[in-house]
Amino acid sequence: MIRSIRTFLLFNLFLSVTLVSLLTIIGNLFLEHRNFQTHLDSQLTLAAYTIRAFISSDMPAQQVKKIQKRMNHIPEYMHTLNFKYDEEIDDLNLLLKSIQFQIWSHDGKLILHSFAAPQLESQDMSNGFHNIVFQEHTWRAFALNLTDSQIKIVVFQRDHLRAELERQITEDSIAIMMVTYPFLALLIWIIVGRGLASITSTAEAIKRRAPNKLNNIETQDTPQELLPLIEALNALFNRLSEAFAREKRFASNAAHELRTPLAVLSTQTQVAMESKDVTHMRAALKKVLKSINRSTHVVQQLLTLSRLVPDDSINEPSRVNLKTIASEMIIELLPLADKKNISIALVAPDSDTSILGNKTALLILLRNLIDNALRYSPENTEVSVKIENFEYQIALSVIDNGPGISEEFRQRVFERFFRVLGTQTEGSGLGLNIVKQIVDLHKGSIELITPKTHSGLEIKITLWKDFNQPDPLI
Ligand SMILES: Nc1ncnc2c1ncn2[C@@H]1O[C@H](COP(=O)(O)OP(=O)(O)OP(=O)(O)O)[C@@H](O)[C@H]1O
Ligand SMILES: [Mg+2]
């Protein structure tokens, strides 16, 4: 994990730039070597042809001598020139020595030569370039045999001087690089710092927020790279404010729903306390117990509701066999069924009836549906739980012989706290709302149907076998 983005960027950028620069210099050294040699060769050629333009064999010997004399004095002239730095004289001397020449007559006599020309014997050099060794030094030479004027011009350059020039250029570029590097580091440090300033300012903005302020952070001035982080934070804020809202709703719903049973509790406890007759007291205490049970049920339902996050995806979905969990739930609710002498039948195919979903949520769904069917059905009737297997879906129906729900209330029964008027059975009006949320969570559908053969209600839930990949045709 990177501890400081700034140091990380500075170090790595600096390292990369150094590496690339060094590679460029090395590359130049190899690739430009040939160009440089050609360039120096061209200087030799130019010098030879320039000398040729000025010198001819029929020049009077006196004049030639004069020129030679002046040539020999060149180093002295150099010292009369004004230079700001000694290095400049050194450089110039080096360059002066760089190119030397000799002019030979047709009969092998040295007519003229530069002041530092090598004392080579006349050589039979053909026209063009030659590499010659003289006094352990390698020289690059260019010879020009002039048949018309019958003289031979040879221009030389010490290989070592050529290499020296090349080395100096390379050294200079490395030196420039070294001098500019501290500035480069400083620039990278400042630029990276400025780039990262937006992180600091965003952090400051978040720090300054009041704890209950969970609205989204503005993103219009946010740099592109920070957008995913801000968006993730905004999503977190949304979830948090949803969670806060749920907690708030839970608290106010609980307060609202518990007011009546708690009032009943208080009254009946008082009645029980004041009563001297044991039967009377028992009856009051029975009501207290009923009130406690009702309150417990309401709290349970409200908790279930607050834990189901609407629009949220299912956490850790797993394969749930509807046949298995239906029979589990039937067994759990058998005491309730026995009390009213209701028989519960499970009608399911032999094939695999498992779907991808949340087992706890699906158990809550089944409990609420079977619980409704048992509580709203008259005694001595039958409730059936039917499972049907389709290609991509599985349907789960709970059918009873109760009063059913009339058309006008079929939409409203899914609202929170909605109860059909005149229902003698106790309840909090939250069960079907919970069922609807669980079905939505699984991207399924829900239908209220009147059974064809008898009065009552069939609640049919259709769920995808894999809610992530529903039927490709739909
Ligand atoms: N099987 C059913 N037969 C007839 N009416 C039903 C049936 N199921 C639900 N209802 C009606 O729909 C209303 C809403 O049902 P829901 O399950 O949401 O709440 P509840 O049963 O009153 O309370 P809770 O389930 O929270 O204890 C019920 O009050 C009832 O009037
Ligand atoms: Mg219910």
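The following dialogue examines how several descriptions of this predicted model are justified.

Student: What makes D41 and R140 a salt bridge?

Tutor: The criterion is a side-chain nitrogen of Lys or Arg within 4 Å of a carboxyl oxygen of Asp or Glu. The side chains of D41 and R140 meet at 2.6 Å, N to O, so the pair satisfies that cut-off. D41 belongs to helix 1 and R140 to strand 4 (residues 137-146), so the bridge ties together parts that are 99 residues apart in sequence.

Student: Why is D41 called buried?

Tutor: The term buried requires under 20% relative accessible area. D41 has 11% relative accessibility and therefore counts as buried. Its partner R140, with a relative accessible area of 16%, is buried because its value also falls under that limit.

Student: Which other salt bridge has both partners buried?

Tutor: D371 and R375 are both buried, and their closest N and O atoms are 2.6 Å apart. Both residues lie in helix 9, four residues apart, about one turn of the helix. In general, an α-helix has 3.6 residues a turn, so residues three or four places apart point the same way.

Student: Why does the pair E415 and R412 also count as a salt bridge, and are these residues buried or partly exposed?

Tutor: The closest N and O atoms of E415 and R412 are 3.4 Å apart, and the pair therefore qualifies under the 4 Å cut-off. Partly exposed covers values between 20% and 50%. E415, at 36% relative accessibility, is therefore partly exposed, and R412, at 40%, is partly exposed as well. A search of the whole structure finds eight salt bridges.

Student: How do you know that the length of helix 9 agrees with its number of residues?

Tutor: The expected span is 1.5 Å times one less than the number of residues. For the 18 residues of helix 9 (residues 359-376) this gives 26 Å, and the end C-alpha atoms are 26 Å apart, so the two values agree. Helix 9 is mostly covered, with 14 of its 18 residues buried.

Student: What makes N358 a cap of helix 9?

Tutor: A side-chain oxygen of N358 lies 3.0 Å from the backbone nitrogen of T360, at the N-terminal end of the helix. A polar contact requires N or O atoms within 3.5 Å, so this distance meets the limit.

Student: What makes N372, D400 and L430 polar contacts of ligand 1?

Tutor: The same 3.5 Å limit applies. An oxygen atom of ligand 1 is 2.9 Å from an N or O atom in the side chain of N372. A nitrogen atom of the ligand is 2.8 Å from an N or O atom in the side chain of D400. An oxygen atom of the ligand is 3.0 Å from a polar backbone atom of L430. The protein covers 98% of the 590 Å² of accessible area that ligand 1 has on its own. There are 22 residues around ligand 1, the closest being H297, Y376, R419, S428 and L432.

Student: Why is N341 called exposed?

Tutor: Exposed means over 50%, and N341 has a relative accessible area of 51%, so the term applies. N341 sits in the loop between helix 8 (322-339) and strand 7 (343-347).

Student: What is notable about the phi of N341?

Tutor: Most residues other than glycine have a negative phi. N341 is not a glycine, yet its phi is positive, at about 55°. K443 likewise has a positive phi, near 55°, and is found in the loop between helix 10 (431-441) and strand 11 (445-449).

How values were computed. Residues numbered from 1 in each chain as written. Chains lettered and ligands numbered in written order. Predicted model: local features only at pLDDT ≥ 70, side-chain atom pairs only at ≥ 80, totals over all residues. Heavy atoms only, no water. Near = heavy atom within 4 Å. Polar contact = N/O pair within 3.5 Å; in protein donor to acceptor, adjacent residues only side chain to side chain. Areas by Shrake-Rupley, 256 points an atom, 1.4 Å probe, with all protein chains shown as cover. Helix = DSSP H or I, 4+ residues; strand = E, 2+ residues; numbered from the N terminus. Buried < 20%, exposed > 50% of the residue type's maximum accessible area, 1.4 Å probe, protein only.
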